[in-house]
Amino acid sequence: MARGGSRRDLIPDFDPDCGDAALTRARQDIVIGRWQGLRELLRATGPDWPSRGHRVRSLAQACAANSTAESWLAAEPRGADPLVLRAATETTRAFSLAMAAGRGVAVDQRRVDTAVLACLRATEAYPEDPTPWVSLISVARLYPSGVRRQELGRWWDELHRRDPYSVEGHLQVLHYYSSRWHGSHGLMYDFARDAAGVSPPGCPLPVLVQYARVEEYRYALDASGGQHASMGLGTHWTGSGAVGDVRRTWERWIGGRGGGAVTPAEVRDLNHLAHAACQAGVREVAGPLLRMLGGRATRTPWAYTGDPVKQFTRWRREIEVPG
């Protein structure tokens, strides 16, 4: 048992909004079809791109199953914020169709085209905002053969010019280059390491390497039909390369980050590094990360290596994180 806390204190909080109370209130408005709360939230967010991206993605998830985004756009047809949200919502809907269809089944290209056009319209409505470019790169994965290299490069240049250290933007390119989509493990890792190598101290981009390791593990898990024993990745998390990656990300990101409070937009990234540190047995990194997070957890990546609640609770208890 952790010092100073009960077992209940160790149970993770899988809040989809990662502690963003204003976002939670806005998402509650979506349930009753009220879009005014969304407008107030995004206006208040302003050009804080990491926070804006986190909020838009969460709102899009909530809007995908109803017409709230469309109602807002009908009320403000030229509004930049409703157009950006509509683009993210259409992207979410396209991915939902892909998940429902199953691996290897192409999504109706008209639905993908609809999402792409919504993204392009949003880029024109709010030229400074990197968010619709992130959505655009994301939905490009759903074309059976991807998009032309020149086109993807142009979209990436537009995103990079607006937010050169966007974790979400880099993450969407990483997924595009992965073996599950339109690339390979090698291409994916090269992209992650290149991005980490040019990031300034305190920038979270080095965690892309941990995302890549999760992506490779997920690919192997899918290929094995969910049978961990037949995956052939015995040292995937514990090998010298994995351990070294954890230490480098810790030093370059957290070592230069400073002591500020963890923002909701950082919670998922910190969970990926904490998960990697726990799996690698690097306790001197895992402990401080779990203390930074408190009980704030994201189901991914913990769910890929077992029950996420049990794992998060066990590691907090074993590393003796105060409750």
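Biologist: Why is Cys203 too far for a bond, and which cysteine sulfur is closest?
Modeller: Happy to help! This is a predicted model, where local features need pLDDT of at least 70, side-chain atom pairs count only at pLDDT 80 or more, and totals for chains, interfaces and linings use all residues. Residues are numbered from 1 along each chain as its sequence is written, and side-chain values use heavy atoms, leaving out hydrogens and water. A disulfide needs a pair of cysteine sulfur atoms within 2.5 Å. The sulfur of Cys203 is too far for a bond because 19 Å separates it from the closest cysteine sulfur, which belongs to Cys18.

Biologist: How many disulfides does a search of the whole structure find?
Modeller: Cys278 is in no disulfide, as its nearest cysteine sulfur, in Cys18, lies 17 Å away. Over the whole structure, the search gives a disulfide count of 0.

Biologist: Is Cys278 buried or exposed?
Modeller: Buried means under 20% relative accessible area, exposed over 50%, and partly exposed in between, with a 1.4 Å probe and protein chains only. Cys278 has 1% relative accessibility, so the verdict is buried.

Biologist: Which helix gives the most to the lining of the largest cavity?
Modeller: Good one! A cavity is a set of points on a 1 Å grid over the protein atoms alone where a 1.4 Å probe fits but cannot get out, and lining residues have an atom within 4 Å of a point. Helices, DSSP runs of H or I with at least four residues, are numbered from the N terminus. H12 (208-223) and H13 (240-257) each supply at least two lining residues. The top contributor, with 3 residues, is H12.
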